[in-house]
Amino acid sequence: QEFWLMNWTGAPYAMNRASYKAVIDKTFIPVVGTIQPGLLEDIGKGGRALSGFIERILFCYPDSVPVEPFKRRRDRSLDVYSQIMARYTPLVTSIMDWSRLPGGNDEDEVDQSYLCVLEEAAEDRLIEYMNDLKKRMDAIDNEYVRNIFSKMQNYCTRFTMLLYLMHEASGEITHRSKNGGEVRINMEIVLKAITITEYFLGHSLKAQSAINAATPLDRLPKNIRKWYADLPTGTALTTLDIERAAMRHGLSRSQMFIYLGEADPKKRIFLREKHGIYTKLYHR
């Protein structure tokens, strides 16, 4: 975990092994993956909810994903996915091959580093947005949520530089606006970076809510949750009432008593009032 926290900042990493020793000056490991929403809570285990690990993840967590029908060959070239893939491959190839960037044929150009500087209007807009993030963060008591806003400030500046490079690699910027060894970034790129930041901010807040607000009920299979929701809330339930509902949802009597008799408070969903009488712990 410590390695991944350090890797996010791009800090040097020393590898000390019995067979060899090496130092990576600038670590960079892109990680992309998927996870079922029901397993989000597991991300926070092992101290990761406290270390800032989760806040470093950019989540894509849409409210709903429509089911797309299969398309005929003549229609596939027009859909968004095909257009994105047609641009993605040459763009990434260009970025990873510095020699294909403008001016990259000159060996001195490849080795030369440039300071990225925002044009004045673009800098003012970025500072305005950063202050807005700080203001929104200051109004929140939840430490985890505050950390998300803090990390998004870093991400916004990263998106700004990344978008500049993408524009350049795609040929939309044909020459670097160099001024005394500086690269000038304009307002258009800053506005795009802010849009992307707001997108990931919203999705990260949703994911954080799912990670911190999960209950024992959220971790149960769908049919168990339906059975639980079928039971009245805020009233005493007899064993017979619960068993009738269990039968409607295909649960056996033995399965039912597993949940009624759960001893672990972290897994318990029923409160035993007295012999044969229970109440629901969660209002669902």
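The following dialogue walks through strands, aromatic contacts and one pocket in a predicted model.

Colleague: Which conventions apply to this model?

Modeller: The model is predicted, and local features need pLDDT of at least 70, side-chain atom pairs count only at pLDDT 80 or more, while totals for chains, interfaces and linings use all residues. Residues are numbered from 1 along each chain as its sequence is written, and side-chain values use heavy atoms, with hydrogens and water left out.

Colleague: How should I read a strand such as S4, and which residues are on its covered face?

Modeller: In a regular strand the side chains alternate between the two faces of the sheet. Strands (E, at least two residues) and helices (H or I, at least four) are DSSP runs, numbered from the N terminus. In strand S4, residues 182-185, Val183 and Ile185 make up the covered face, whereas Glu182 and Arg184 make up the uncovered one.

Colleague: How many bridges join S3 and S4, and in which sense do they pair?

Modeller: Two strands pair if DSSP finds at least two bridges between them. Strand S3 (residues 115-118) pairs with S4 in the parallel sense over four bridges, and Val117 has Arg184 in S4 as its bridge partner.

Colleague: Which strands pair with S7?

Modeller: Strand S6 (residues 270-274) runs antiparallel to S7 and is joined to S7 by four bridges, with Lys280 in S7 as the bridge partner of Phe270. Strand S5 (residues 237-238) also pairs with S7 (residues 277-280) in the antiparallel sense, over two bridges, and there Thr238 stands opposite Ile277. In the hairpin of S6 and S7, two residues lie between the strands, and Gly276 takes a positive phi near 80 degrees.

Colleague: How is an aromatic pair described, and how many does the structure hold?

Modeller: A pair of aromatic rings is described by the distance of the centres and the angle of the planes. Rings of Phe, Tyr and Trp (its six-membered ring) pair if their centres lie within 6.5 Å, and planes under 30 degrees apart count as stacked, over 60 as edge-to-face and the rest as tilted. The structure holds nine aromatic pairs. One of them is Trp8 with Tyr155, which is edge-to-face at 5.6 Å centre to centre and 80 degrees between the planes. This pair links distant parts of the chain, with Trp8 in helix H1 (residues 2-9) and Tyr155 in helix H8 (residues 143-169), 147 residues apart. Trp8 is buried (under 20% relative accessible area, where over 50% is exposed and in between is partly exposed, with a 1.4 Å probe and protein chains only), at a relative accessible area of 14%, and Tyr155 is buried at 8%.

Colleague: What angle do the planes of Trp227 and Phe270 make?

Modeller: The planes of Trp227 and Phe270 lie at 50 degrees with the ring centres 5.7 Å apart, so this pair is tilted. Trp227 lies in helix H10 (residues 222-230) and Phe270 in strand S6, so the pair ties together parts that are 43 residues apart in sequence.

Colleague: Which residues line the second largest pocket?

Modeller: On a 1 Å grid over the protein atoms alone, a pocket is an open set of points with protein on both sides within 12 Å along at least five of seven lines, and lining residues have an atom within 4 Å of a point. The lining here consists of Pro216, Arg219, Leu220, Ile258, Tyr259, Glu262, Lys267 and Ile269. Within this lining, Leu220 and Lys267 are 47 residues apart in sequence and 9.5 Å apart in space, C-alpha to C-alpha.

Terms used: 1 Å grid on protein atoms, 1.4 Å probe; cavity = no way out; pocket = protein on both sides within 12 Å on 5 of 7 lines; lining within 4 Å.
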